[in-house]
Amino acid sequence: MNEFDADVVIVGAGPAGSALGAYLAQAGHDVVILEKSGFPRDKICGDALTPRAVKEVGYLGLETPESEGWHRNRGLRLIGGGHRLEIDWPDIDGTPNYGLTRPRMGMDEAFARHAQRSGARLFEQVKALSPDIGEDGWVRGVHATGTDHRGRRVGPDAHFRAPIVVAADGVSSRLAVAMGLEKRDDRPMGVAVRAYHSSPRHADEYIESWVEMRSTNPAGESEVLPGYGWLFPMGDGTINIGAGLLDSSPQFGSVDLRAVMREWIADMGEEWGIDASTEIGPIKSAALPMAFNRTPHFHRGLLLIGDSGGMVNPFNGEGIDYALESARLAAEVISTYARYPESIMRERLAEYPALVGDSLGRYFTLGRVFSAIIGHPSLMHFGIKYGMGVDVVMEFVVRLLANLYRDPTMSEADLIDRVIAGLTRIVPATSNA
């Protein structure tokens with residue numbers, strides 16, 4: 001068996017794991033990142049970064065030139081209830097006023113290679129099998145094995161030792177489950193389907209969201225679904241098109257979301273020049289773990305970041321932003337305390353859940369309220385019918401859903417900023433315990 005020692009072992013080389021690896025390596029730590037697949041590899045996702053996520057990419061120091069497949073957009077086009085509204089991303093000090101798209105096939109590799117260039121040791125096609133747990137119950141490393149291109153175990157087996165282990169292994173997070181951290185039933189979950197199509201509008205300046213997705217119930221009646229459809233221009237001749245649904249819906253589990261998307265494309269595809277013949281590859285689905293659906297985020301030496309800790313925005317299904325932010329916060333704590341005596345380090349690493357909770361907890365609480373409200377078809381229909389026609393209401397919605405608002409103490413802050421900030425102050429923080 002091969003033996004490796006490091007300061008930190010990170011399981012998963014998606015945006016969260018790679019970002020954390022880059023931060024820690026830049027700070028001089030010996031970091032190992034384990035990735036069960038080999039790059040390039042796909043991830044079922046919308047492939048879009050809002051300005052908040054672009055800001056996190058800037059903190060990381062990762063360049064995003066158009067020549068490497070990064071496509072800029074200037075705002076969001078909302079469609080629903082017979083209305084169509086284009087809203088540019090707001091100008092907020094310190095936050096770019098543009099979003100980015102890039103297929104995850106290339107995006108994830110860009111993050112991983114950035115981590116490597118920063119000094120992290122990336123092991124591709126190495127799958128974490130189980131945590132190495134000491135006699136005191138604390139994790140002290142990971143048992144792993146080599147895999148082939150299909151993810152099948154081929155060896156050799158390896159043992160990666162470190163006093164700090166990080167789960168960045170996605171929604172299922174087998175590492176977290178092995179440490180006794182199961183998903184929480186009191187948090188919303190979503191499911192999304194996604195496909196790529198060739199389209200003449202692949203370089204559109206706006207990403208597009210359809211807030212009125214419908215399905216036919218057993219009585220033959222059309223119902224509004226608690227979710228949305230998206231069309232994201234990729235700038236490479238293709239668009240990413242998909243649909244998401246929340247489990248707060250009574251239809252959840254009975255709706256064929258792939259069929260819903262096919263019907264939707266048949267109805268509106270002419271606008272984007274797409275139909276069944278323009279589809280590139282099959283429709284694929286993925287789960288969306290929302291609002292801290294696995295806690296605590298630090299447990300006996302194991303830190304959870306990104307999807308492994310359920311850090312997907314309940315308002316819009318965005319996860320990359322929060323993956324990058326949680327990685328940055330985890331890096332701050334680890335870099336501060338990793339070289340302390342072990343007893344003190346263990347105690348101080350417990351500051352990480354509080355940092356994540358302070359940053360995201362109240363906003364995620366609002367998202368849980370939102371997901372519960374739109375789970376009622378009648379309320380969803382009412383909101384679309386009467387809200388979509390009011391520009392100021394929709395600007396409020398866009399800023400709230402994208403988590404883009406100014407500090408209310410700033411002179412540039414307007415009423416919308418103050419209202420959103422006020423809402424986040426009065427709600428309790430989502431528990432991270």
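Helices are DSSP runs of H or I with at least four residues, numbered from the N terminus. The exercises below use a predicted model.

**Exercise 1.** How many residues apart are arginine 104 and aspartate 108 in helix 3, and what joins them?

Solution.
- Step 1: Helix 3 covers residues 104–118, and the two residues are 4 apart within this helix, so about one helical turn separates them.
- Step 2: Arginine 104 and aspartate 108 form a salt bridge, with 2.6 Å between the closest N and O atoms.
- Step 3: Buried means under 20% relative accessible area; both arginine 104 and aspartate 108 are buried.

**Exercise 2.** Find which elements are tied together by arginine 113 and glutamate 124.

Solution.
- Step 1: The closest N and O atoms of arginine 113 and glutamate 124 are 2.9 Å apart, in a salt bridge.
- Step 2: Arginine 113 belongs to helix 3 and glutamate 124 to strand 9 (residues 121–124), so this pair ties together parts 11 residues apart in sequence.
- Step 3: Partly exposed lies between the 20% and 50% limits. Arginine 113 has 21% relative accessibility and therefore counts as partly exposed. Glutamate 124, with a relative accessible area of 27%, is partly exposed.

**Exercise 3.** Is arginine 194 buried or exposed, and which backbone oxygen does its side chain reach?

Solution.
- Step 1: Arginine 194 is located in strand 14, residues 189–198.
- Step 2: Its relative accessible area is 2%, so arginine 194 is buried.
- Step 3: The arginine 194 side chain reaches the backbone oxygen of lysine 43 at 3.1 Å.
- Step 4: Beyond its neighbours within four places in sequence, the contacts of arginine 194 include Asp42, Trp230 and Met261.

Terms used. Residues numbered from 1 in each chain as written. Predicted model: local features only at pLDDT ≥ 70, side-chain atom pairs only at ≥ 80, totals over all residues. Heavy atoms only, no water. Buried < 20%, exposed > 50% of the residue type's maximum accessible area, 1.4 Å probe, protein only. Polar contact = N/O pair within 3.5 Å; in protein donor to acceptor, adjacent residues only side chain to side chain. Contact = heavy atoms within 4.5 Å. Salt bridge = Lys/Arg side-chain N within 4 Å of Asp/Glu carboxyl O.
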